[in-house]
Amino acid sequence: MNSTPPQITKAVIPAAGLGTRFLPLTKATPKEMLPVVDKPAIQYVVEEAVAAGMSDILMVTGRNKRPLEDHFDRNHELEEALQRRGDQDKLNSVCASTELADIHYVRQRDPKGLGHAVLCAAPHVGREPFAVLLADDLIDPRDPLLARMAEVRARLGGSVVALMEVDPDAIHLYGCAAVEQSAAGGDGVRITELVEKPEPGTAPSNLAIIGRYLLDPEIFEVLRSTSPGRGGEIQLTDALRTLVRAGRPVHGVVFSGRRYDTGDRAEYLRATVRLACEREDLGPEFLAWLKEFVRAEELAPV
């Protein structure tokens, strides 16, 4: 490479989904606002982007997503009430979300898929490289995936996709990548093919695409000409496959750290329990109760 690619400062967070797996709760509450302990899931994702140096966040929203905007906005009445009470800890927690980054919003008017949601970000992103973070995926901050992806991009250029090994029986639920070793070394690979939710038994590997991407702006032109694919939607995976087949560099980072899928009910519960157990203020008491609960369940008559 003749020059180092520019640092990515813009992140796009698609958050227009209906959250049907969590009905009836998500009839009136955005799934991104589901609490993981005492913060909404979306805040963890924004914090991850900010920790990776991204200060300009665009959320692609839809109908009934106004609570997202309210959460990251000021609440003067609440702040003043906490100030009067002298409750500085709660005041700090309330203000933290409003001071994270410069957050913007655009509405995806029609549910045409992830690729279309990313395309909605084109006027804001312009000709800059950018990140895409899916709001259902929580990456533990102790395993900085975006930083590693940025290293691969700085060295090799192009776009970078996060991958994770999954059970072969589950790969049909994900976008899937065929890969070969690359100059990135270690967990870095070069992607040679991509398939969105392959039919059982046809996947080229068990490497699933998870919700982190670093993308060159050329992806917008490809998305504009990408036809609806799986589920009748415009798929980001299909657009990236077009880049791969055109010989454009698309790399992968195979992630082996801690990831929580808050879009799945069982995984959401597991994430909440894991993170609560690790909290200094909640963990010891909650873990003691949890052990006692499990012990009682094991002894309970069938």
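Colleague: Let's start with T262: where is T262 found?

Modeller: In this predicted model, T262 is found in the loop between β13 (259–261) and α10 (265–277).

Colleague: Does a loop position tell me about burial, or should I look at accessibility? Is T262 buried or exposed?

Modeller: Look at the accessibility value itself. Buried means under 20% relative accessible area. T262 has 6% relative accessibility, so T262 counts as buried.

Colleague: Which residues is T262 in contact with, leaving aside its neighbours within four places in sequence?

Modeller: With that exclusion, T262 is in contact with F22, V36, A41, A135, D136, L138 and Y268. Keep A41, A135 and D136 in mind, as these three contacts of T262 also appear, with T262, in the lining of the largest cavity.

Colleague: Good, let's go there. How many cavities of 30 Å³ or more does a search of the whole structure find?

Modeller: The search finds one, and the largest cavity has a volume of about 30 Å³. Its lining consists of K31, E32, A41, A135, D136, T262 and G263. By class, that lining has two nonpolar, two polar and three charged residues.

Colleague: And for pockets, what is the volume of the second largest pocket?

Modeller: The second largest pocket has a volume of about 470 Å³. Of the 22 residues in its lining, Y44, I139, D140, P141 and R142 are the closest to the centre. The elements giving two or more residues to the lining are α1 (41–51), β7 (137–139) and α7 (145–156). Helix α1 provides the largest share, four residues. By class, the lining of this pocket has 13 nonpolar, no polar and nine charged residues.

Colleague: How should I read burial along a helix such as α1, and which residues of α1 are buried?

Modeller: The general idea is helical periodicity: an α-helix has 3.6 residues a turn, so residues three or four places apart point the same way. In α1, the buried residues are A41, I42, Q43, V45, V46, E48 and A49. E47 is found in α1 too; with 25% relative accessibility, E47 counts as partly exposed.

Colleague: Which residues is E47 in contact with, once its neighbours within four places are left aside?

Modeller: E47 is in contact with K39 and L100. The C-alpha atoms of E47 and S97 are separated by 8.8 Å, although these residues are 50 apart along the chain.

Colleague: What about α9; how many of its ten residues are buried?

Modeller: Seven of the ten residues of α9 (residues 236–245) are buried, so this helix is largely enclosed by the rest of the structure. Those buried residues are L236, T237, D238, A239, L240, L243 and V244. Just after α9, G247 takes a positive phi of about 85°, and G53, which follows α1, has a positive phi near 95°.

Colleague: Those are glycines. Which residue other than glycine has a phi near 45°?

Modeller: First the general idea: most residues other than glycine have a negative phi, and most peptide bonds are trans. K197 has the positive phi near 45°, and its place is in the loop between β10 (188–196) and β11. V37, also not a glycine, has a positive phi of about 65° and lies in the loop between β2 and β3 (39–40). Relative accessibility is 38% for K197, so K197 counts as partly exposed; V37, at 22%, counts as partly exposed.

Colleague: And the peptide bonds: which residues does a cis bond join?

Modeller: A cis peptide bond joins L23 and P24, with omega about 10°. P24 is found in the loop between β1 (10–15) and β2 (35–36).

Colleague: Now the strands. How many of the nine residues of β11 are buried?

Modeller: Bear in mind that in a regular strand the side chains alternate between the two faces of the sheet. In β11 (residues 207–215), nine of nine residues are buried. Strand β6 (residues 130–133) pairs with β11 in the antiparallel sense over four bridges, and β8 (residues 159–165) is joined to β11 by five bridges, again antiparallel. L214 of β11 is the bridge partner of A131, and V160 stands opposite L214.

Colleague: Finally, the whole chain: how many helices and strands are there?

Modeller: The protein chain has eleven helices and 13 strands. Its radius of gyration is 20 Å, which agrees with the value near 19 Å for a compact globule of 302 residues. Buried residues make up 45% of the chain.

Conventions: Residues are numbered from 1 along each chain as its sequence is written. This is a predicted model: local features need pLDDT of at least 70, side-chain atom pairs count only at pLDDT 80 or more; totals for chains, interfaces and linings use all residues. Side-chain values use heavy atoms; hydrogens and water are left out. Buried means under 20% relative accessible area, exposed over 50%, partly exposed in between (1.4 Å probe, protein chains only). Two strands pair if DSSP finds at least two bridges between them. On a 1 Å grid over the protein atoms alone, a cavity is a set of points where a 1.4 Å probe fits but cannot get out, and a pocket is an open set with protein on both sides within 12 Å along at least five of seven lines; lining residues have an atom within 4 Å of a point. Grid points are joined across faces, edges and corners, and a volume is the space filled by probe spheres set on the points. Ala, Val, Leu, Ile, Met, Phe, Trp, Tyr, Cys and Pro count as nonpolar, Asp, Glu, Lys and Arg as charged, and the others, Gly among them, as polar. The radius of gyration is taken over C-alpha atoms; the globule rule is 2.2 Å times the number of residues to the power 0.38. Contact means heavy atoms within 4.5 Å.
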